Amino acid sequence: MRGGQDSVRAPVLRFTNCRLLRAGKLLREDLWVREGRILDPEKLFFDEQRLADQQRDCGGCILAPGFIDVQINGGFGVDFSQATEDVGSGVALVAQKILAHGVTSFCPTLVTSPPEVYHKVLPHIPVKRGGPHGAGVLGVHLEGPFISQQKRGAHPEAHLRSFEANAFKDVLATYGCLDNVCILTLAPELDRSHEVIRELTALGIRVSLGHSVADLQMAEKAVQSGATFITHLFNAMLPFHHRDPGIVGLLTSDQVPAGRCVFYGMIADGIHTNPAALRIAHRAHPQGLVLVTDAIPALGLGNGRHTLGQQVVEVDELSAYVAGTTTLCGSIAPMDVCVRNFLEATGCSLESALEAASLHPAQLLGLEECKGTLDFGADADFVLLDDALHVQATYISGELVWQAEVARP
Amino acid sequence: MKLIILDHYLEASEWAAKYIRNRIIQFNPGPDKYFTLGLPTGLPRDHPESYHSFMWNNFFKHIDIDPGNTHILDGNAADLQAECDAFEEKIKDAGGIELFVGGIGPDGHIAFNEPGSSLVSRTRVKTLAMDTILANARFFHGDLSKVPTMALTVGVGTVMEAREVMILITGAHKAFALYKAIEEGVSHMWTVSAFQQHPRTIFVCDEDATLELKVKTVKYFKGLMLVHSKLVDPLYSMKEKIEPPKKPYSD
């Protein structure tokens, strides 16, 4: 708790008439907030002998930790991988718009791009706290260019690279500065990947395996070197084979170091993954499932042609393809749609679906003390949802930052 | 004494809750007129199973009470006896206890006034009997060495000064204690029996707790239920209520 007399005098908010997601269960409890953090009401009552200053009635809604999107390439016309004149305002626009989807923190994602783009763009996407202006930036997710040519998906072939010459030095030379980076996707079969993975892990950057043709053994070695995430499971990797499960096999691998959890992103837009495949992954390793949108700039724009990285894409309802091909190049389903799709496809509990979009990404990033949870001391970033998991209101640091237009009776 | 016999634990609890509700409404408390509810005490403050946690989770968080109006004995106080004396003073300052609600142990104790406690005792430090320590072991994961051996408790005399006393007794394991409390004489070996000399006592129990009583005692008091059940009739008409009842908290 922040010390000093001032914090003790700060107003205490009490959100009542709601169901909290706590310890994996939906409980009929009140949420107490002070100075943007979740407060322990018992300590307030006995130690400080105080009651709440303001009460907010949540209308019987579900109160869940705010969603965290760790893979989003842009949206609303903004492309994070474009070196525009004002990168900052592009990020800010997306940050503000995704509040309506229940997202309170996110990782702007850059796809494979030439080094000039990284050098220009990265310094303008700093880690930033969320607020009424928009969701918080937890760090940048770099997806590529150190990926497999075969499994590049929508990434432009011309800009793929390898680090076999100088390993980590090549990585630094390509990106310029890694200060704002929190996740890096690479293909572990590339030569000297283990050195790179170890260096990145030592810097606190989460290494993710993706866009790769690695077999299970290679993937396991990568995990032992420090990799902790799989980028959009099933997509852009070898399919599961019963004698070589490939990267997918990490979900049930016995070579994962003790105490470590391998997390994996899943795009639950109903297009990128067949619901049956989603169920197989969820049942095999429910604790590691992280819902991501992998949203492209066309998110929120509607049908038509838009740019992604260095390529052009075509949008048709909920599908987005590389123009002129049948290669999927990202999703345009917002996070709350993904959560609902996930709930329906897997038949899992409300609590599981909500944790997949909040607690698990927080755990992946090592932020579970303050994000993705409603435990005492955590940041008061949360969403109010109705029983069908439609977002009714979004709060960051206990402040209302978005509200559904139609008021609930 | 009124002996109220209900079928099960839930009915007994509900009856007791309604009775307390009615008493508070009839008392018509205000800023200068406090309805003081007395409850027995327990474990030291720090422990997660402490009485503070118990009271918070089971009572205080469900009602709007000014924290300044709650007084729980602090087992971590520097001078325990002074803490006890101060507690007695606070009771006097609040105008005395209007209604004391408690349960009894299998050995017939009220609060932590174990067999042998003086029937005129006041709030004090009490050593706990082995039976009580064993019973409380479940709060400490079965580790007997972690169970506190002392507790601060209100005395029998303190409770006797309350204007009304309600004792809740449920379960077959309390049946013998109930028998000793109401069908035998006043004895410091069964401290609850002291309330035979209190002008206004109610014992609320379930069927199982009556197993050691004489059939005629049980029949007599069951016969009085026609009158006694009027004590818990709602004082306001339900039809007048407009808002839907609030859902209870998860416990």
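This report describes a predicted model of a complex, taking in the contact between chain B and chain A, chain B as a whole, and a few single residues.

Residues are numbered from 1 along each chain as its sequence is written, while chains are lettered from A and ligands numbered from 1 in the order in which they are written. Because the model is predicted, local features need pLDDT of at least 70 and side-chain atom pairs count only at pLDDT 80 or more, whereas totals for chains, interfaces and linings use all residues, and side-chain values use heavy atoms, with hydrogens and water left out.

## Confidence and chain B

For the complex, the predictor gives an ipTM of 0.75 and a pTM of 0.85. Chain B has a mean pLDDT of 84, with 89% of its residues at 70 or more; pLDDT is the predictor's confidence in each residue, from 0 to 100. Where pLDDT is low, the predicted coordinates should not be read in detail.

Eight helices and seven strands make up the list of such elements in chain B, where helices (H or I, at least four residues) and strands (E, at least two) are DSSP runs, numbered from the N terminus. Of the 251 residues of chain B, 45% count as buried; buried means under 20% relative accessible area, exposed over 50%, and partly exposed in between (1.4 Å probe, protein chains only). Among the contacts in chain B with a separation of 6 or more, 75% come from residues 24 or more positions apart, a contact being heavy atoms within 4.5 Å.

One residue of chain B, B:Val227, lies in helix H8 (residues 225-228) and is exposed, with a relative accessible area of 57%. B:Val227 is 167 residues from B:Phe60 in sequence, and the two are 32 Å apart in space, C-alpha to C-alpha.

## Where the two chains meet

The contact takes 15 residues from chain A and 16 residues from chain B. Together the chains bury about 1500 Å², 55% of it on carbon and sulfur atoms; this buried area is the accessible area (1.4 Å probe) that two parts lose on being put together, summed over both.

There is one salt bridge between chain B and chain A, that is, a side-chain nitrogen of Lys or Arg within 4 Å of a carboxyl oxygen of Asp or Glu. The side chains of A:Glu29 and B:Lys61 form a salt bridge, with 3.0 Å from N to O.

## Single residues of chain A

The table sets out three buried residues of chain A.

| Residue | Place in chain A | Relative accessible area |
|---|---|---|
| A:Asn73 | loop between strand S8 (67-72) and strand S9 (74-75) | 2% |
| A:Phe76 | loop between S9 and strand S10 (78-79) | 18% |
| A:Ala167 | loop between S13 and H5 | 2% |

The side chain of A:Asn73 makes a polar contact with the side chain of A:Asp294 at 2.8 Å. A polar contact is a pair of N or O atoms within 3.5 Å; within protein, one must be able to donate a hydrogen and the other to accept it, and residues adjacent in sequence count only if both atoms are side-chain atoms.

Backbone angles add further detail. A:Phe76 has a phi near 55 degrees, a positive value in a residue other than glycine, and A:Ala167 has a phi near 45 degrees, likewise a positive value in a residue other than glycine. A:Gly144 and A:Pro145 are joined by a cis peptide bond, with omega about 5 degrees, and A:Pro145 is found in the loop between strand S13 (140-143) and helix H5 (168-175).
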